[in-house]
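Q: Please take a close look at the strands of this model and at how they pair, and then follow the account outwards to the loops and the charged contacts. I would like one connected answer.

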Amino acid sequence: MNRPTCGTCGAKMKRNGTTKAGTRRWRCPKCGASSVRKHDNAAKALGSFLRWLLSKDAIADLKVSRTTFWRKTAWIWRIWPIAPFTGEVHDVVFLDGIWLRRKAVVLIAVADGHVVAWHLARTECASAWAALMLRVPAPKMAVCDGSPGFAKAAAAVWPETRIQRCTFHVAAQVRRCTTLRPRLEAGIELLGIANKLADVRDADGATAWLLEYNAWCVKWESFLREYTFKEGRRVYAHERLRKARRILNKLVRDGTLFAFVEMGQEHGGAWPSTNNAVESVNARLRDMLRHHRGLPLLHRAKAIFWWCYAHTESPLPAAEILRVMPTDDDVDGLFAAVSSESKREDGAPDEHGTGIVWEEFHMPTRYRQ
């Protein structure tokens, strides 16, 4: 028989009738302590909550009132799912961010078909990208969509990693400058050249594209120099076309437009040129937020965290998640500890900032083991 052990002396307990509520009472024959066995349903509740969150079901489909559902799941929203650190080195890592609102973005890294890291930040600045990259060993190649601050962070954290700019996003940037129906002949030709980026697969295709683009630059050089005067100052007449040219020139000069071709020549095999892997993740995240629309901002961020954690390579079972994942109380404790340590004996303010950095909370040592 599965008998509980005494919490006082550790001896096996015996049945001792029932309580007024009909619950089985147990008594220790050695020390006389009496207790009832309580079943912890927290892991079961967490599993049910995650199945709902990752599905299309509305609260009405759960056959429970909205008030009851939020009351029973309030404690789950206090948990922070933290990305596990495996130390695995990937050949290619795809990076992108999903915006929740202004001043709130979740940066996500995907490799080999699963999520490897995520980070909540205010903007896509270099420090935010660096905080995400520090959680992932430097890959051979990283594919991005040209987010602000990414290049600076990659140069500091992944200096040996080749950067591939997503060619789909490059073509989209050019289309924003030329529009889908350009009126000028120069714009029509540039739009056609940008659309051909999707057809580049190897070194011959990259060479042909570069030759065609260079011929376009030479042909329309004098045309793009045309200017007019506006309010007493000189303004270029075709600034949007000049902007598109600047974008392409910088990518060619930095070697990030056809890095996938060079990687294929150096290491063999096919290397990706687009950010489709992480864009599909973002699409599924937006679907989840749309199915559960109305969540507060913090809940939307944690919902994305839960989705990302469920799509890691080896997510833990619910019982283990409850044991290792931090909660809002842990965060409050960190802030309180830092606040108490930052006080000087003479009562003067600190000369240097000692507050908790959110980037550091994303990667605490004891949660990465």
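A: In this predicted model, strand 2, which covers residues 24-27, pairs with strand 3 in the antiparallel sense over three bridges. Within that pairing, Trp26 has Ser35 of strand 3 as its bridge partner. The two strands belong to an open sheet of three strands, arranged in the order 1-2-3 with antiparallel pairing. Strand 1 (14-18) and strand 3 (34-36) stand at the edges of this sheet, and each has a single partner strand, so one side of each is left without a neighbour in the sheet. On average, and with direction ignored, neighbouring strands here are turned by 35° against each other.

A further set of pairings centres on strand 4, which runs over residues 92-101 and is mostly covered, with eight of its ten residues buried. Strand 4 pairs with strand 5 in the antiparallel sense over seven bridges, and in this pairing Trp99 is matched with Val105 of strand 5 as its bridge partner. Strand 4 also pairs with strand 7 (residues 141-144), here in the parallel sense and over three bridges, with Val143 of strand 7 as the bridge partner of Phe94. Strand 4 is thus antiparallel to strand 5 and parallel to strand 7. As background, strands of a sheet pair through backbone hydrogen bonds, in either of these two senses.

The backbone between the strands also deserves attention. Strand 4 and strand 5 form a hairpin with two residues between the strands, and in this hairpin Lys103 takes a positive phi near 70°. At the other end of strand 5 (104-111), the loop that leads to strand 6 (114-121) contains Asp112, which has a positive phi of about 55° although it is not a glycine. Asp112 is exposed, its relative accessible area being 54%. Thr179 likewise has a positive phi, near 70°, in a residue other than glycine, but Thr179 is found in a loop between helices, namely helix 5 (167-178) and helix 6 (185-195). With a relative accessible area of 37%, Thr179 counts as partly exposed.

Turning to the charged side chains, the model has a count of 14 salt bridges. One of them joins Asp254 and Lys250, whose closest N and O atoms are 2.8 Å apart; both residues lie in helix 9 (residues 239-254), four residues apart, which is about one turn of the helix. Asp254 is partly exposed at a relative accessible area of 43%, and Lys250 is partly exposed at 46%. Glu239 and Arg246 also meet through their side chains in a salt bridge, at 3.1 Å from N to O, with Glu239 partly exposed at 35% relative accessibility and Arg246 partly exposed at 46%.

The salt bridge between Asp328 and Lys302, with closest N and O atoms 3.0 Å apart, links two helices: Asp328 lies in helix 14 (residues 328-341) and Lys302 in helix 12 (residues 297-310), so the pair ties together parts that are 26 residues apart in sequence. Both Asp328 and Lys302 are buried. Finally, Arg162, Glu262 and Glu266 are joined into one network by salt bridges that share partners.

Conventions
Residues are numbered from 1 along each chain as its sequence is written. This is a predicted model: local features need pLDDT of at least 70, side-chain atom pairs count only at pLDDT 80 or more; totals for chains, interfaces and linings use all residues. Side-chain values use heavy atoms; hydrogens and water are left out. Buried means under 20% relative accessible area, exposed over 50%, partly exposed in between (1.4 Å probe, protein chains only). Two strands pair if DSSP finds at least two bridges between them. Axes are lines fitted to C-alpha atoms, for helices over the stretch in contact, and angles run from 0 to 180 degrees between N-to-C directions. A salt bridge is a side-chain nitrogen of Lys or Arg within 4 Å of a carboxyl oxygen of Asp or Glu.
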